[in-house]
Amino acid sequence: MTENYWLINSNRSRVKRFSKNNKNKDKFFEYMFIDSGKIIGVLGKEPPLMTTREEIKADKARDEWRKLMDHGWRRTKPVWEDY
């Protein structure tokens, strides 16, 4: 099972999940998925609607994490199950 790292924006309307791509064939770089979702309804009662998935190099994913944290995003518990 892949370890996931979650962020939620300050008005609790969007979430992002960062997870390592363990199936990547690149021998030189690690890649991560960043899944984005829109919260619909009440958080925790129904999962967010997944809107995008992007795969980027791990160092760029860390930069994106820091940028989001600087803009008011915070860590949160998992909000949708693996699929």
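In β5, the bridge partner of isoleucine 8 is arginine 74. That pair belongs to a predicted model, and it makes a good place to start. Two strands meet here: 2 bridges join β1 to β5, and the two run antiparallel.

Now step back to the whole sheet. How many strands form it? There are 5 strands, and the sheet they form is open. Their order is β4-β3-β2-β1-β5, with antiparallel pairing. The edges are β4, residues 49-57, and β5, residues 74-75. Each edge strand pairs on one side only. In general, strands of a sheet pair through backbone hydrogen bonds, either parallel or antiparallel.

Move along from β5 through β1 to the next pairing. Strand β1 covers residues 4-8, and strand β2 covers residues 14-20. They pair in the antiparallel sense over 5 bridges. Two of the partnerships are easy to find. Asparagine 4 of β1 has serine 19 in β2 as its bridge partner. Tyrosine 5 is partnered by phenylalanine 18, also in β2. Both strands are mostly covered. In β1, 4 of the 5 residues are buried. In β2, 5 of the 7 residues are buried.

Next comes β3. Strand β2 is joined to β3 by 7 bridges, and these two strands run antiparallel. Look for valine 15: its bridge partner in β3 is glycine 37.

Go back to the turn of the hairpin. The hairpin of β1 and β2 has 5 residues between the strands. Asparagine 9 is found in this loop. Is asparagine 9 buried or exposed? Its relative accessible area is 13%, and buried means under 20%, so asparagine 9 counts as buried. Its side chain has polar company. One polar contact, at 2.9 Å, is with the side chain of asparagine 11. A polar atom of the asparagine 9 side chain also lies 3.1 Å from the backbone nitrogen of arginine 14. Leave out residues up to four places away in sequence, and asparagine 9 touches Arg14, Gly72 and Trp73.

Arginine 12 lies in the loop between β1 and β2 as well. Its backbone stands out. Arginine 12 has a positive phi of about 60°, although it is not a glycine. How covered is arginine 12? With a relative accessible area of 48%, arginine 12 is partly exposed. The limit for exposed is over 50%, so arginine 12 does not reach that class.

Now follow the chain to the helix. Helix α1, residues 58-70, packs on the sheet. The helix touches β1, β2, β3, β4 and β5. The direction of α1 makes about 130° with that of β4. Does the length of α1 add up, or does it not? Take 1.5 Å a residue: the 13 residues of α1 should then span 18 Å. The end C-alpha atoms of α1 are 18 Å apart, which agrees.

Which residues of α1 are buried? They are Ala58, Ala61, Trp65 and Leu68. These buried residues cover an arc of only 75° around the axis, so they sit on the same side of α1. They pack against β1, β2, β3, β4 and β5. Turn to the other side of α1, and Lys60 and Asp70 are exposed there. Picture the helix, then, with a buried side that packs against the strands and another side where exposed residues are found.

After α1 comes glycine 72. The phi of glycine 72 is positive, near 95°. You have met this residue already: Gly72 is one of those touched by asparagine 9.

End at the edge strand β4. Threonine 52 is found in this strand. How exposed is threonine 52? Its relative accessible area is 42%, which falls between the limits of 20% and 50%, so threonine 52 is partly exposed. Which residues does threonine 52 touch? They are Ile34, Asp35 and Ser36, not counting residues up to four places away in sequence. Take aspartate 35 as an example. Threonine 52 and aspartate 35 are 17 residues apart in sequence. In space, C-alpha to C-alpha, they are 5.7 Å apart. Strand β3 covers residues 31-38, and in the sheet order it stands beside β4.

Technical notes. Residues are numbered from 1 along each chain as its sequence is written. This is a predicted model: local features need pLDDT of at least 70, side-chain atom pairs count only at pLDDT 80 or more; totals for chains, interfaces and linings use all residues. Side-chain values use heavy atoms; hydrogens and water are left out. Two strands pair if DSSP finds at least two bridges between them. Contact means heavy atoms within 4.5 Å. Axes are lines fitted to C-alpha atoms, for helices over the stretch in contact, and angles run from 0 to 180 degrees between N-to-C directions. The expected span of a helix is 1.5 Å times one less than its number of residues. Buried means under 20% relative accessible area, exposed over 50%, partly exposed in between (1.4 Å probe, protein chains only). The arc is that of the directions from the helix axis to the C-beta atoms. A polar contact is a pair of N or O atoms within 3.5 Å; within protein, one must be able to donate a hydrogen and the other to accept it, and residues adjacent in sequence count only if both atoms are side-chain atoms.
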